[in-house]
Amino acid sequence: MDCNTATLSEIEDLLRRFRFKEVLSDDTSSKTIWLLGTIATTNVTSVDDEPPVPGQNAAIVVLERLAFSPQTIAKADCSLDSVLLATGERNDVYAWATGDARVAALKPDVRIALTYPATQKHIDKHRRQQRKWVCETPELYAKVTKPFIDSQPASRIQWVYNILSKQVESEHILFEDPDPERGFVIVPDLKWDATNMDNMYLVAIVHRHDLRSLRDLTNSHLPLLYNLRSKAVVAAQKYGVSSDQLRLYIHYQPSYYHLHVHITNVLLEGKGMLAGRAHLLDSVIDNISNIASDYYQRATIPYVLGSSDELWSHWAAHQNTSSDEPTTIST
Ligand code: M7G
(Lines give C-alpha, C1' and ligand atoms only; values in the text may rest on other atoms or scores of the structure.)
Protein backbone atom coordinates (compact mmCIF):
# COMPACT_ATOMS: atom_id res chain seq x y z
CA MET A 1 0.00 0.00 0.00
CA ASP A 2 1.38 3.41 -0.85
CA CYS A 3 1.73 5.88 1.91
CA ASN A 4 2.42 9.56 1.49
CA THR A 5 5.78 10.87 2.68
CA ALA A 6 4.30 13.00 5.46
CA THR A 7 2.49 9.99 6.95
CA LEU A 8 5.61 7.86 6.64
CA SER A 9 7.81 10.36 8.47
CA GLU A 10 5.17 10.81 11.20
CA ILE A 11 5.14 7.05 11.81
CA GLU A 12 8.96 6.89 11.68
CA ASP A 13 9.18 9.68 14.20
CA LEU A 14 6.82 7.87 16.59
CA LEU A 15 8.64 4.55 16.20
CA ARG A 16 12.02 6.15 16.85
CA ARG A 17 10.64 7.51 20.11
CA PHE A 18 9.25 4.10 21.15
CA ARG A 19 10.76 2.93 24.46
CA PHE A 20 10.30 -0.81 24.96
CA LYS A 21 8.95 -1.93 28.37
CA GLU A 22 7.46 -5.40 28.08
CA VAL A 23 6.66 -8.26 25.69
CA LEU A 24 2.88 -8.63 25.87
CA SER A 25 2.80 -11.84 23.83
CA ASP A 26 4.32 -13.60 20.87
CA ASP A 27 3.20 -16.15 18.33
CA THR A 28 5.79 -18.30 16.62
CA SER A 29 3.42 -19.60 13.95
CA SER A 30 2.60 -16.12 12.63
CA LYS A 31 6.12 -14.88 13.57
CA THR A 32 4.62 -11.95 15.41
CA ILE A 33 5.53 -10.24 18.66
CA TRP A 34 3.48 -7.64 20.57
CA LEU A 35 5.50 -5.09 22.54
CA LEU A 36 4.32 -2.62 25.14
CA GLY A 37 6.22 0.61 25.57
CA THR A 38 5.93 4.35 25.71
CA ILE A 39 6.36 7.10 23.18
CA ALA A 40 9.03 9.39 24.59
CA THR A 41 8.81 13.12 24.18
CA THR A 42 12.17 13.26 22.35
CA ASN A 43 14.22 10.73 20.43
CA VAL A 44 17.19 11.09 22.75
CA THR A 45 17.46 7.49 24.03
CA SER A 46 18.67 8.24 27.55
CA VAL A 47 15.64 10.22 28.68
CA ASP A 48 11.98 9.41 29.30
CA ASP A 49 11.97 6.33 31.44
CA GLU A 50 8.30 6.82 32.33
CA PRO A 51 6.04 3.79 32.91
CA PRO A 52 3.34 3.27 30.27
CA VAL A 53 0.10 5.04 31.18
CA PRO A 54 -2.94 3.77 29.20
CA GLY A 55 -4.56 6.48 27.12
CA GLN A 56 -1.50 8.74 27.53
CA ASN A 57 2.06 7.69 26.67
CA ALA A 58 1.40 3.92 26.32
CA ALA A 59 2.03 2.39 22.90
CA ILE A 60 1.80 -1.09 21.41
CA VAL A 61 4.15 -2.09 18.60
CA VAL A 62 3.47 -5.27 16.65
CA LEU A 63 6.38 -6.72 14.68
CA GLU A 64 5.47 -9.38 12.14
CA ARG A 65 7.94 -11.13 9.87
CA LEU A 66 6.59 -10.94 6.35
CA ALA A 67 6.20 -13.98 4.14
CA PHE A 68 8.27 -14.13 0.97
CA SER A 69 6.29 -12.78 -1.91
CA PRO A 70 6.79 -14.65 -5.20
CA GLN A 71 5.53 -11.55 -7.05
CA THR A 72 8.38 -9.39 -5.68
CA ILE A 73 11.04 -12.04 -5.95
CA ALA A 74 10.30 -12.80 -9.57
CA LYS A 75 11.07 -9.20 -10.53
CA ALA A 76 14.20 -8.52 -8.61
CA ASP A 77 17.79 -9.52 -8.13
CA CYS A 78 18.08 -12.35 -5.62
CA SER A 79 21.86 -12.64 -5.47
CA LEU A 80 23.31 -13.38 -2.04
CA ASP A 81 26.63 -11.60 -2.59
CA SER A 82 26.19 -9.35 0.47
CA VAL A 83 24.97 -12.03 2.87
CA LEU A 84 25.98 -11.57 6.53
CA LEU A 85 25.73 -14.63 8.76
CA ALA A 86 25.29 -14.83 12.51
CA THR A 87 25.45 -18.59 13.11
CA GLY A 88 26.13 -21.55 10.83
CA GLU A 89 26.94 -25.28 10.56
CA ARG A 90 28.19 -27.56 7.83
CA ASN A 91 27.98 -31.33 7.48
CA ASP A 92 29.03 -33.08 4.29
CA VAL A 93 27.04 -31.53 1.45
CA TYR A 94 24.64 -29.78 3.86
CA ALA A 95 25.03 -26.28 5.32
CA TRP A 96 22.63 -24.13 7.29
CA ALA A 97 22.91 -20.71 8.87
CA THR A 98 21.00 -17.74 10.24
CA GLY A 99 21.70 -14.18 9.25
CA ASP A 100 20.71 -11.30 7.08
CA ALA A 101 20.35 -12.27 3.42
CA ARG A 102 20.66 -8.58 2.43
CA VAL A 103 18.64 -9.18 -0.69
CA ALA A 104 16.89 -6.02 -1.75
CA ALA A 105 14.07 -8.07 -3.25
CA LEU A 106 13.27 -9.48 0.19
CA LYS A 107 12.86 -6.05 1.80
CA PRO A 108 10.82 -4.86 3.56
CA ASP A 109 10.85 -8.05 5.62
CA VAL A 110 8.95 -6.88 8.64
CA ARG A 111 5.56 -5.30 9.12
CA ILE A 112 5.22 -2.87 11.99
CA ALA A 113 1.90 -1.80 13.48
CA LEU A 114 1.64 0.91 16.11
CA THR A 115 -1.27 1.73 18.42
CA TYR A 116 -0.72 5.05 20.21
CA PRO A 117 -1.99 6.15 22.62
CA ALA A 118 -2.88 2.57 23.60
CA THR A 119 -5.78 2.20 26.02
CA GLN A 120 -6.01 -0.45 28.73
CA LYS A 121 -8.36 -2.37 26.40
CA HIS A 122 -5.76 -2.42 23.63
CA ILE A 123 -3.10 -3.63 26.11
CA ASP A 124 -5.39 -6.33 27.54
CA LYS A 125 -6.31 -7.55 24.06
CA HIS A 126 -2.68 -8.35 23.24
CA ARG A 127 -1.43 -9.52 26.63
CA ARG A 128 -0.89 -13.28 26.89
CA GLN A 129 -3.83 -14.52 28.89
CA GLN A 130 -5.95 -17.53 29.77
CA ARG A 131 -8.80 -18.34 27.40
CA LYS A 132 -12.33 -18.87 28.71
CA TRP A 133 -15.25 -20.53 26.97
CA VAL A 134 -18.66 -19.04 27.56
CA CYS A 135 -21.98 -20.31 26.28
CA GLU A 136 -24.13 -17.29 25.58
CA THR A 137 -27.84 -18.03 25.64
CA PRO A 138 -30.28 -15.27 24.51
CA GLU A 139 -31.01 -14.59 28.21
CA LEU A 140 -27.32 -14.23 29.03
CA TYR A 141 -26.87 -12.01 25.99
CA ALA A 142 -29.59 -9.72 27.40
CA LYS A 143 -28.16 -9.77 30.94
CA VAL A 144 -24.41 -9.67 30.34
CA THR A 145 -23.33 -8.93 26.79
CA LYS A 146 -25.88 -6.40 25.57
CA PRO A 147 -25.40 -4.01 28.52
CA PHE A 148 -21.64 -4.27 27.88
CA ILE A 149 -22.09 -3.48 24.17
CA ASP A 150 -24.46 -0.60 25.00
CA SER A 151 -21.83 0.87 27.33
CA GLN A 152 -19.09 0.98 24.65
CA PRO A 153 -18.06 4.57 23.94
CA ALA A 154 -18.35 5.63 20.29
CA SER A 155 -14.67 6.66 20.44
CA ARG A 156 -13.69 2.95 20.28
CA ILE A 157 -14.93 2.81 16.70
CA GLN A 158 -13.75 6.23 15.64
CA TRP A 159 -11.44 4.52 13.13
CA VAL A 160 -14.56 2.97 11.48
CA TYR A 161 -16.27 6.36 11.17
CA ASN A 162 -13.03 7.82 9.77
CA ILE A 163 -13.04 5.20 6.99
CA LEU A 164 -16.77 5.57 6.26
CA SER A 165 -16.48 9.36 6.05
CA LYS A 166 -13.32 9.01 3.90
CA GLN A 167 -11.18 10.99 6.29
CA VAL A 168 -8.60 8.20 6.20
CA GLU A 169 -7.73 5.29 3.91
CA SER A 170 -9.91 6.78 1.14
CA GLU A 171 -7.19 6.13 -1.45
CA HIS A 172 -7.32 2.42 -0.56
CA ILE A 173 -11.08 1.93 -0.97
CA LEU A 174 -11.58 -1.10 -3.22
CA PHE A 175 -15.33 -0.83 -3.44
CA GLU A 176 -18.03 1.37 -2.01
CA ASP A 177 -21.79 1.21 -2.12
CA PRO A 178 -22.92 4.48 -0.49
CA ASP A 179 -26.51 3.31 0.11
CA PRO A 180 -27.32 4.04 3.79
CA GLU A 181 -29.24 0.75 4.24
CA ARG A 182 -27.41 -1.80 2.14
CA GLY A 183 -24.12 -0.02 1.53
CA PHE A 184 -20.58 -0.57 2.82
CA VAL A 185 -16.93 0.18 2.15
CA ILE A 186 -14.32 -2.48 1.39
CA VAL A 187 -10.68 -1.69 2.25
CA PRO A 188 -7.54 -3.78 2.79
CA ASP A 189 -7.41 -4.86 6.41
CA LEU A 190 -4.80 -3.29 8.65
CA LYS A 191 -3.32 -6.77 9.20
CA TRP A 192 -2.44 -7.26 5.51
CA ASP A 193 0.68 -5.98 3.75
CA ALA A 194 -1.22 -5.82 0.40
CA THR A 195 1.66 -7.68 -1.23
CA ASN A 196 1.23 -11.38 -0.66
CA MET A 197 -2.01 -12.51 -2.30
CA ASP A 198 -2.03 -15.82 -0.40
CA ASN A 199 -2.62 -13.72 2.74
CA MET A 200 -5.16 -11.39 1.16
CA TYR A 201 -7.21 -9.83 3.93
CA LEU A 202 -9.92 -7.22 3.27
CA VAL A 203 -12.59 -5.85 5.55
CA ALA A 204 -16.09 -4.68 4.55
CA ILE A 205 -17.57 -2.10 6.92
CA VAL A 206 -21.29 -1.39 6.64
CA HIS A 207 -22.53 2.19 6.38
CA ARG A 208 -25.42 1.80 8.79
CA HIS A 209 -24.55 2.40 12.44
CA ASP A 210 -27.30 0.34 14.09
CA LEU A 211 -25.88 -3.15 13.48
CA ARG A 212 -23.41 -3.90 16.21
CA SER A 213 -22.94 -7.63 15.94
CA LEU A 214 -24.23 -10.92 14.59
CA ARG A 215 -26.95 -10.82 17.27
CA ASP A 216 -28.64 -7.88 15.51
CA LEU A 217 -29.06 -9.61 12.14
CA THR A 218 -32.48 -10.72 10.81
CA ASN A 219 -33.84 -11.43 7.35
CA SER A 220 -34.48 -7.69 6.90
CA HIS A 221 -30.70 -7.41 6.47
CA LEU A 222 -30.46 -9.98 3.69
CA PRO A 223 -30.27 -7.34 0.91
CA LEU A 224 -27.23 -5.86 2.68
CA LEU A 225 -25.58 -9.26 3.19
CA TYR A 226 -26.21 -10.46 -0.39
CA ASN A 227 -24.93 -7.18 -1.74
CA LEU A 228 -21.83 -7.39 0.41
CA ARG A 229 -21.14 -10.99 -0.56
CA SER A 230 -21.28 -10.27 -4.28
CA LYS A 231 -19.17 -7.08 -4.07
CA ALA A 232 -16.56 -8.82 -1.91
CA VAL A 233 -15.99 -11.06 -4.92
CA VAL A 234 -15.49 -8.01 -7.15
CA ALA A 235 -13.05 -6.42 -4.67
CA ALA A 236 -11.02 -9.64 -4.31
CA GLN A 237 -10.80 -10.04 -8.10
CA LYS A 238 -8.70 -6.85 -8.12
CA TYR A 239 -6.02 -8.95 -6.43
CA GLY A 240 -6.56 -11.96 -8.67
CA VAL A 241 -8.35 -13.91 -5.93
CA SER A 242 -11.45 -15.62 -7.32
CA SER A 243 -14.80 -16.27 -5.62
CA ASP A 244 -13.96 -19.91 -4.86
CA GLN A 245 -10.76 -18.81 -3.07
CA LEU A 246 -12.56 -16.58 -0.58
CA ARG A 247 -13.49 -17.01 3.04
CA LEU A 248 -16.05 -14.46 4.31
CA TYR A 249 -16.89 -14.39 7.99
CA ILE A 250 -18.12 -12.34 10.92
CA HIS A 251 -16.53 -12.47 14.36
CA TYR A 252 -18.61 -13.04 17.44
CA GLN A 253 -17.38 -11.56 19.73
CA PRO A 254 -15.79 -8.88 17.57
CA SER A 255 -13.31 -6.35 18.94
CA TYR A 256 -15.36 -3.49 17.46
CA TYR A 257 -19.14 -3.30 17.70
CA HIS A 258 -19.99 -1.97 14.25
CA LEU A 259 -20.91 -4.69 11.75
CA HIS A 260 -18.04 -5.66 9.49
CA VAL A 261 -17.21 -8.74 7.45
CA HIS A 262 -13.75 -10.28 7.13
CA ILE A 263 -12.82 -11.20 3.53
CA THR A 264 -9.73 -13.41 3.26
CA ASN A 265 -7.97 -15.79 0.93
CA VAL A 266 -8.87 -19.37 1.99
CA LEU A 267 -5.13 -20.07 2.16
CA LEU A 268 -4.85 -17.72 5.13
CA GLU A 269 -5.25 -19.53 8.41
CA GLY A 270 -4.95 -18.07 11.85
CA LYS A 271 -6.56 -17.32 15.16
CA GLY A 272 -9.27 -15.18 13.57
CA MET A 273 -10.70 -18.20 11.75
CA LEU A 274 -11.04 -20.45 14.77
CA ALA A 275 -14.28 -22.15 15.76
CA GLY A 276 -15.71 -20.17 18.63
CA ARG A 277 -15.20 -16.84 16.88
CA ALA A 278 -15.62 -16.94 13.08
CA HIS A 279 -19.13 -17.34 11.64
CA LEU A 280 -19.11 -17.92 7.89
CA LEU A 281 -21.18 -15.35 6.02
CA ASP A 282 -22.77 -18.10 3.88
CA SER A 283 -23.99 -19.88 7.02
CA VAL A 284 -25.24 -16.62 8.53
CA ILE A 285 -27.24 -15.91 5.35
CA ASP A 286 -28.55 -19.46 5.30
CA ASN A 287 -29.56 -19.40 8.96
CA ILE A 288 -31.56 -16.19 8.72
CA SER A 289 -33.08 -16.86 5.31
CA ASN A 290 -33.86 -20.61 5.52
CA ILE A 291 -34.10 -21.42 9.21
CA ALA A 292 -35.48 -18.41 11.05
CA SER A 293 -35.35 -14.67 10.63
CA ASP A 294 -34.66 -14.36 14.37
CA TYR A 295 -32.06 -17.17 14.36
CA TYR A 296 -29.37 -14.96 15.97
CA GLN A 297 -31.75 -13.61 18.59
CA ARG A 298 -32.67 -17.20 19.60
CA ALA A 299 -29.37 -19.01 19.18
CA THR A 300 -27.05 -20.04 21.98
CA ILE A 301 -23.62 -18.95 20.81
CA PRO A 302 -20.50 -20.34 22.49
CA TYR A 303 -17.31 -18.31 22.20
CA VAL A 304 -13.90 -17.78 23.70
CA LEU A 305 -12.86 -14.74 25.70
CA GLY A 306 -9.49 -13.78 27.11
CA SER A 307 -9.29 -13.56 30.90
CA SER A 308 -8.18 -9.91 30.51
CA ASP A 309 -11.10 -9.03 28.21
CA GLU A 310 -13.39 -6.45 29.69
CA LEU A 311 -16.36 -8.59 28.65
CA TRP A 312 -14.97 -11.55 30.61
CA SER A 313 -15.00 -9.46 33.80
CA HIS A 314 -18.76 -8.93 33.25
CA TRP A 315 -19.25 -12.68 32.80
CA ALA A 316 -17.20 -13.43 35.90
CA ALA A 317 -19.21 -10.88 37.92
CA HIS A 318 -22.44 -12.41 36.64
CA GLN A 319 -21.32 -15.93 37.59
CA ASN A 320 -20.47 -14.75 41.11
CA THR A 321 -23.82 -13.13 41.73
CA SER A 322 -26.20 -15.38 39.85
CA SER A 323 -27.83 -18.68 40.69
CA ASP A 324 -28.61 -19.29 36.98
CA GLU A 325 -27.27 -22.18 34.95
CA PRO A 326 -23.45 -22.16 34.63
CA THR A 327 -22.32 -19.94 31.75
CA THR A 328 -19.34 -22.09 30.82
CA ILE A 329 -19.39 -25.57 29.34
CA SER A 330 -19.42 -28.21 32.06
CA THR A 331 -18.49 -31.85 31.66
P1 M7G B 1 -12.87 -7.65 14.74
O2 M7G B 1 -13.56 -8.91 14.40
O3 M7G B 1 -13.71 -6.57 15.38
O4 M7G B 1 -11.66 -7.89 15.72
O5 M7G B 1 -12.24 -7.14 13.38
P6 M7G B 1 -10.18 -8.43 15.57
O7 M7G B 1 -9.32 -7.20 15.34
O8 M7G B 1 -9.90 -9.01 16.92
O9 M7G B 1 -10.16 -9.40 14.45
C10 M7G B 1 -11.81 -5.84 13.14
C11 M7G B 1 -10.95 -5.88 11.90
O12 M7G B 1 -10.65 -4.55 11.50
C13 M7G B 1 -9.61 -6.59 12.14
O14 M7G B 1 -9.36 -7.52 11.11
C15 M7G B 1 -8.61 -5.45 12.19
O16 M7G B 1 -7.31 -5.82 11.74
C17 M7G B 1 -9.25 -4.43 11.26
N18 M7G B 1 -8.86 -3.05 11.58
C19 M7G B 1 -8.76 -2.50 12.81
N20 M7G B 1 -8.43 -1.19 12.69
C21 M7G B 1 -8.21 -0.29 13.81
C22 M7G B 1 -8.32 -0.91 11.35
C23 M7G B 1 -8.01 0.28 10.62
O24 M7G B 1 -7.78 1.37 11.15
N25 M7G B 1 -8.01 0.16 9.26
C26 M7G B 1 -8.26 -1.04 8.62
N27 M7G B 1 -8.21 -1.06 7.30
N28 M7G B 1 -8.58 -2.17 9.30
C29 M7G B 1 -8.60 -2.10 10.66
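Buried denotes a relative accessible area under 20%, exposed one over 50%, and partly exposed the range in between, with a 1.4 Å probe and protein chains only. The model is predicted: local features need pLDDT of at least 70, side-chain atom pairs count only at pLDDT 80 or more, and totals for chains, interfaces and linings use all residues. Residues are numbered from 1 along each chain as its sequence is written, and side-chain values use heavy atoms, leaving out hydrogens and water.

**View A. The two faces of helix α7 (residues 281-291).** Helices (H or I, at least four residues) and strands (E, at least two) are DSSP runs numbered from the N terminus. Leu 281, Val 284, Ile 285, Asn 287 and Ile 288 of α7 are buried. These residues lie on the same side of α7 because they cover an arc of only 160° around the axis, taken from the directions from the helix axis to the C-beta atoms. Asn 290 and Ile 291 are exposed on the face turned away from that buried side.

**View B. Surroundings of Ile 263.** Contact means heavy atoms within 4.5 Å. Beyond its neighbours within four places in sequence, Ile 263 is in contact with residues including Ile 186, Met 200, Leu 202 and Leu 248.

**View C. The ligand and its polar partners.** A polar contact is a pair of N or O atoms within 3.5 Å. A polar side-chain atom of Glu 169 lies 2.7 Å from a nitrogen atom of the ligand. A polar backbone atom of Pro 188 is 3.0 Å from a ligand nitrogen atom. In the side chain of Arg 277, an N or O atom lies 3.0 Å from an oxygen atom of the ligand.

How values were computed: A polar contact is a pair of N or O atoms within 3.5 Å; within protein, one must be able to donate a hydrogen and the other to accept it, and residues adjacent in sequence count only if both atoms are side-chain atoms.
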